[in-house]
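Colleague: Got a minute to walk me through this one? I'd like to talk pockets and pairings before I set anything up.

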Amino acid sequence: MNGFACKPPESVKADDFTFRGLNKPGDTNNTAGFKATLVTVNQIPGLNTQGVSMVRLDFAPGGVNAPHIHPRASELLIVMEGTLEVGFVTTLPETKLITKVLQAGEAFVFPQALTHYQRNVGKEAAVGIAALDSQNPGTQPVVAAVLGSCPKIPVEVVAKALQADDSVATQLQSKFK
């Protein structure tokens, strides 16, 4: 049902329940200034059927975890270092943006399958740890999904969705390979 086979009991070992690396900063030297270090069933086989996973979120100053959804999980984020602006958008018809600026030691919940983001608004690096209530929460980056799908969503559809000319939609799609 969840896509991962259980190991035969005789082959289970301690390493199936262990992950090393959440203490290591992720490389934020990229255009987003952001790196996520996942701890899902893919990294720890012992999470299979446990309904939980984690992620370390590293942000350079000004770094952004772009709007995305987790189709199979809610997320509880705890800021460990720095200052993060966080937000999510409610569903139609309101599509209200709910935001908060968090300091170290503060937490925020992102409801399952709602578009959300995080942004470092401080002058120093920021670190967050998030728990998700799925062994395999999935991540769907909103902009990359719309503009970078393969094959591409027809330009006419993207242009109408963005309320823009076809040339604008084509230009935006060209930024995603």
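What follows is a short chat about the pockets, the annotated site and one strand of this predicted model.

Colleague: Between which two domains does the largest pocket lie?

Modeller: The domain assignment splits the chain into 24-138 and 140-177, with C-alpha centres 25 Å apart. Both parts give residues to the lining of the largest pocket, so the pocket lies between domain 1 and domain 2.

Colleague: Which element supplies the largest share of that pocket's lining?

Modeller: The pocket has a volume of about 550 Å³ and 29 lining residues, with Phe34, Asn65, His68, Thr139 and Pro141 nearest its centre. At least two lining residues come from each of β1 (34-39), β2 (53-59), β3 (64-69) and α1 (142-148). The largest share is five residues, and the element that gives them is β3.

Colleague: And how many charged residues are in the lining of the largest pocket?

Modeller: Sorting the lining by class gives 17 nonpolar and eleven polar residues. What's left is the charged class, and its count is one.

Colleague: Which residues of the UniProt "binding site" are in the lining of the largest pocket?

Modeller: The annotation comes from an unreviewed UniProt entry and covers His68, His70, Glu75 and His116. They're spread over 49 residues of sequence, yet they cluster in space, with a largest C-alpha distance of 11.9 Å. Of these residues, the lining of the largest pocket includes His68, His70 and Glu75.

Colleague: Is Glu75 buried or exposed?

Modeller: Glu75 is found in strand β4. Its relative accessibility is 4%, and the cut-off for buried is under 20%. Because of that 4%, Glu75 counts as buried.

Colleague: Which residue in β9 stands opposite Glu75?

Modeller: β4 and β9 (residues 126-132) pair in the antiparallel sense over six bridges. Across from Glu75 in β9 is Leu132.

Colleague: What about β7: which of its residues stands opposite Leu76?

Modeller: β4 (residues 75-81) also pairs with β7 (residues 107-110), in the antiparallel sense and over four bridges. In that pairing, the residue opposite Leu76 is Val109.

Colleague: Last one: what volume does the second largest pocket have?

Modeller: Its lining includes Phe4, Lys7, Asp16, Phe17 and Gln50. By class, that lining has seven nonpolar, three polar and two charged residues. The volume of the second largest pocket is about 220 Å³.

How values were computed: Residues numbered from 1 in each chain as written. Predicted model: local features only at pLDDT ≥ 70, side-chain atom pairs only at ≥ 80, totals over all residues. Heavy atoms only, no water. Pairing = 2+ DSSP bridges. 1 Å grid on protein atoms, 1.4 Å probe; cavity = no way out; pocket = protein on both sides within 12 Å on 5 of 7 lines; lining within 4 Å. Points joined across faces, edges and corners; volume = space filled by probe spheres on them. Nonpolar A, V, L, I, M, F, W, Y, C, P; charged D, E, K, R; others polar. Domains from an automatic or database assignment. UniProt positions renumbered as here; feature names shortened; annotations may be inferred. Buried < 20%, exposed > 50% of the residue type's maximum accessible area, 1.4 Å probe, protein only.
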